[in-house]
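Got a few minutes to look at a protein chain together? Here it is.

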Amino acid sequence: MDILSRGTALNDNVRVFCCNTTELVQEAAKRHDTLPTATAALGRTLSVGCIMGSMLKDRKEKIEIQIEGDGPLGEIVVDCYNNGKVRGFVEHPHVNLVKEGNMEKLDVGTAVGKNGFIRVIKDMSMKQPFISTVKLQTGEIGDDFAYYYAESEQTASVVSVGVLVNMDGSVKASGALVIQMLPSATEKDIEIVEGIVAHLKPISQIISEMQDPKAIIEAIFNDYKQLATQPLKFKCECNKGRFATVLSKLPVSDLQAMIDEDHGCEVVCKFCNNKYHFDQETLEGYIFAQKQSSHEDKVIN
């Protein structure tokens with residue numbers, strides 16, 4: 001079961017988040033037919049998204065993560081919410097790069113690219129969303145988000161993300177660990193965290209061995225106080241009704257072209273790859289409704 005644990009350690013001077021995202025990353029990989037390196041890049045971003053979403057206070061709030069580098073993967077987009085649900089996609093899912101000299105290690109950094117940015121859009125149910133953009137540092141995702149927290153939120157953070165992919169392309173283990181220094185942290189606390197990081201195995205390997213996020217954090221910090229847990233899931237909010245609303249507002253010329261060329265249309269959700277079919281009769285109904293509305297406006301005027 002995918003789950004997140006969050007709490008504090010070192011006498012409440014650091015806050016810690018850890019999540020197991022193996023199942024939801026496998027779901028994303030299946031939906032988008034990703035090759036291993038694309039799976040790893042999208043999975044790492046989804047895992048960080050789960051942690052960022054858990055920091056939101058209200059169900060109406062949302063965070064959108066956009067990563068755009070100059071590598072072959074193109075854009076990575078992830079939406080995350082405070083209820084543990086995430087969704088996302090990678091622009092070019094059929095990318096698979098490995099490290100030179102090590103065929104077993106996926107080269108996420110090259111696939112994402114170093115020249116580009118991370119943009120975090122926080123929709124806090126206010127008039128304008130909060131938008132923060134920082135430059136990519138390595139393209140490895142974890143380093144880039146550590147830089148984001150330092151630059152955008154002035155919070156010293158350790159961000160470890162990872163995805164283990166089996167030879168058949170399935171996801172063996174996936175997750176993230178985030179350690180953040182709170183304002184009360186002392187120099188000794190910082191030294192302890194630095195020592196932990198220096199000897200920390202890849203988080204994907206740790207999750208493969210231990211699975212339970214709470215147990216993982218307790219193995220790192222012996223005074224860990226868990227404040228909350230949260231189940232996690234890849235879940236898209238799309239439905240046919242939402243796409244119908246968008247289609248019904250398209251210009252009549254566009255709707256007519258769909259009828260003439262394909263006798264209908266199929267709409268594909270970028271986030272989850274769900275497909276929705278609209279037949280010719282439905283599109284003709286949208287055209288009729290628009291013409292009726294236009295006619296009524298003219299009569300009234």
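What follows is a chat between a colleague and a modeller about this predicted model.

Colleague: Let's start with the overall picture: how many helices and strands does the chain have?

Modeller: The C-alpha trace spans about 75 × 45 × 35 Å along its principal axes. Within that, the secondary structure comes to 10 helices and 15 strands.

Colleague: And what share of the chain's residues count as buried?

Modeller: To count as buried, a residue needs under 20% relative accessible area. The chain has 301 residues, and the share of them that passes is 47%.

Colleague: Okay, on to helix 1 and helix 2. Are they oblique or roughly parallel to each other?

Modeller: Helix 1 covers residues 22–32 and helix 2 covers residues 36–54; their axes come within 10 Å and cross at roughly 135°. Over 145 degrees would count as roughly antiparallel, and 65 to 115 as roughly perpendicular. The angle fits neither of those ranges, so helix 1 is oblique to helix 2.

Colleague: How many of the residues in that contact are charged?

Modeller: Helix 1 brings Leu24, Val25, Ala28, Ala29 and His32, while helix 2 brings Thr39, Leu42, Gly43, Leu46, Ser47 and Cys50. Sort them by type and you get 7 nonpolar and 4 polar, which leaves the charged count at none.

Colleague: Which helix gives the most to the largest nonpolar core?

Modeller: In soluble globular proteins, nonpolar side chains tend to be buried together. Here the largest nonpolar core has 66 residues, and Met52, Ile67, Val112, Phe145 and Phe278 have the most contacts inside it. With 9 residues in this core, the top contributor is helix 2.

Colleague: How many residues are in the other core, the one with Cys18?

Modeller: That core lies apart from the largest one. Its members include Cys18, Leu177, Met181 and Ile203, and its size is 18 residues.

Colleague: Now for a loop residue: is Asn82 buried or exposed?

Modeller: Asn82 sits in the loop between strand 4 (75–81) and strand 5 (85–90). Leaving aside neighbours within four places in sequence, Asn82 is in contact with Gly53, Leu56, Lys57, Asp58, Arg59 and Gln230. Its relative accessible area is 14%, and the cut-off is under 20%. So Asn82 is buried.

Colleague: Last one: among contacts between residues at least 6 apart in sequence, what percentage join residues at least 24 apart?

Modeller: Val112 shows how contacts can link separate parts of the sequence: it is in contact with Ala41 and Leu136, among others. For the chain, the percentage you asked about is 64%.

Methods
Residues numbered from 1 in each chain as written. Predicted model: local features only at pLDDT ≥ 70, side-chain atom pairs only at ≥ 80, totals over all residues. Heavy atoms only, no water. Axes fitted to C-alpha atoms, helices over the stretch in contact; angles between N-to-C directions. Helix = DSSP H or I, 4+ residues; strand = E, 2+ residues; numbered from the N terminus. Parallel < 35°, antiparallel > 145°, perpendicular 65-115°, else oblique. Contact = heavy atoms within 4.5 Å. Nonpolar A, V, L, I, M, F, W, Y, C, P; charged D, E, K, R; others polar. Core = buried A, V, L, I, M, F, W, Y, C linked by side-chain atoms within 4.5 Å. Buried < 20%, exposed > 50% of the residue type's maximum accessible area, 1.4 Å probe, protein only.
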